[in-house]
Amino acid sequence: MQTAKELKYNEPWILQRADPYVYLHTDGWYYFTASVPDYDCIVLRRAKSLAELPDAEEKVIWRKHASGPMSKHIWAPELHFLFGKWYIYFAGGEEEDIWKIRPYVLECQGEDPLNDAWIEKGKMRRAPEDEFSFESFSLDATVFENKGEWYYIWAEKVGVGKQISNLYIAKMENGYTLKTVQVLLTTPDYDWERVGFWVNEGPGVIRHDGKLFLTYSASETGVAYCVGMLTADENADLLDPLSWKKERYPVLKSLEEKEIYGPGHNSFTKDEEGNDIIVYHARKESVIEGDPLYNPNRHAMLMKVRWNGEGRPVFSYED
């Protein structure tokens, strides 16, 4: 079994697990979930260290339906603890309409997410006055807390014209209901966000020195896949798009010298010493056999997050 000293960065850590999400709970356990290659279930594992997670037993805690909602393309689960309960946020399509992707919620009925029962809360509920959210292709939800409020961020395609994937934000009423209408945070403005498809998706949030940094993934899921970033002050109105500043260029992209291709869909955690870690998926090959979406070789990897003199994150493949 790996020890902390043997933990390797920027190389495959957990194989064939795309959209990796690591949650460090207050009890010291690390929980890991991700999309599995068959897109047919939600898995969960836990360990006392990042180094032990690859060898930890993986348990299927939920399987897709045979038909109807949540019966196809089970994608990008995230485990969170909020409002006093465990929740898993994920996206799924329908066997009869495989691209009818919508965001769904599971709620744990106990304190142990690995062994206690989970129930389906159904599709994420929008605020009563919200006419638009989750009517189109919607996925990659994450949540975060700021100043006592919980926020929900997700990707959704516009329902008319070119199918552009934007990122939206809203406040949460509870673990499965929004209390404010959607606000558009970012749309694919730049050429590096428009390779193959016009995409902003896979949001992740990290906090440092009074600032919130929102990373997201852009473009198609092959070599062009990369990570962009928005920044906001934690005291700002986070539902005001002008509170967020968008980076002109990606903050993480493919690097041929390291044989890391298509890095993206990341989450953030801390190691046992309290250092910030970005958890992301990437490929080791530049040429993908078949449809990139169904090629299983997106592997979970780890990277140390460094902070520059301005208090901004630096994502570097150098250890």
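Two worked exercises on a predicted model follow, one on its main nonpolar core and one on an aromatic pair.

Residues are numbered from 1 along each chain as its sequence is written. Local features need pLDDT of at least 70, side-chain atom pairs count only at pLDDT 80 or more, and totals for chains, interfaces and linings use all residues; side-chain values use heavy atoms, without hydrogens and water.

**Exercise 1.** Describe the largest nonpolar core and the strands that supply it.

*Solution.*
1. Apply the criterion: buried Ala, Val, Leu, Ile, Met, Phe, Trp, Tyr and Cys residues joined through side-chain atoms within 4.5 Å. Buried means under 20% relative accessible area (1.4 Å probe, protein chains only).
2. The largest core has 27 residues. Among those with the most contacts inside it are Trp75, Ile169 and Trp244.
3. Assign strands (DSSP runs of E, at least two residues, numbered from the N terminus). Those that each supply at least two core residues include S5 (72-82), S11 (165-174) and S15 (211-218).
4. S15 gives the most, with four residues.
5. A second, separate core has 18 residues, including Tyr21 and Ile61.

**Exercise 2.** Classify the ring pair of Tyr87 and Tyr176, and place both residues.

*Solution.*
1. Rings of Phe, Tyr and Trp (its six-membered ring) pair if their centres lie within 6.5 Å; planes under 30 degrees apart count as stacked, over 60 as edge-to-face and the rest as tilted.
2. The search of the whole structure finds 22 aromatic pairs. Tyr87 and Tyr176 lie 6.5 Å centre to centre, with 50° between the planes: tilted.
3. Tyr87 is in strand S6 (residues 85-94) and Tyr176 in the loop between S11 and strand S12 (177-178), so the pair ties together parts 89 residues apart in sequence.
4. Tyr87 is buried at 3% relative accessibility. Tyr176 is buried at 17%.

How values were computed
Buried < 20%, exposed > 50% of the residue type's maximum accessible area, 1.4 Å probe, protein only.
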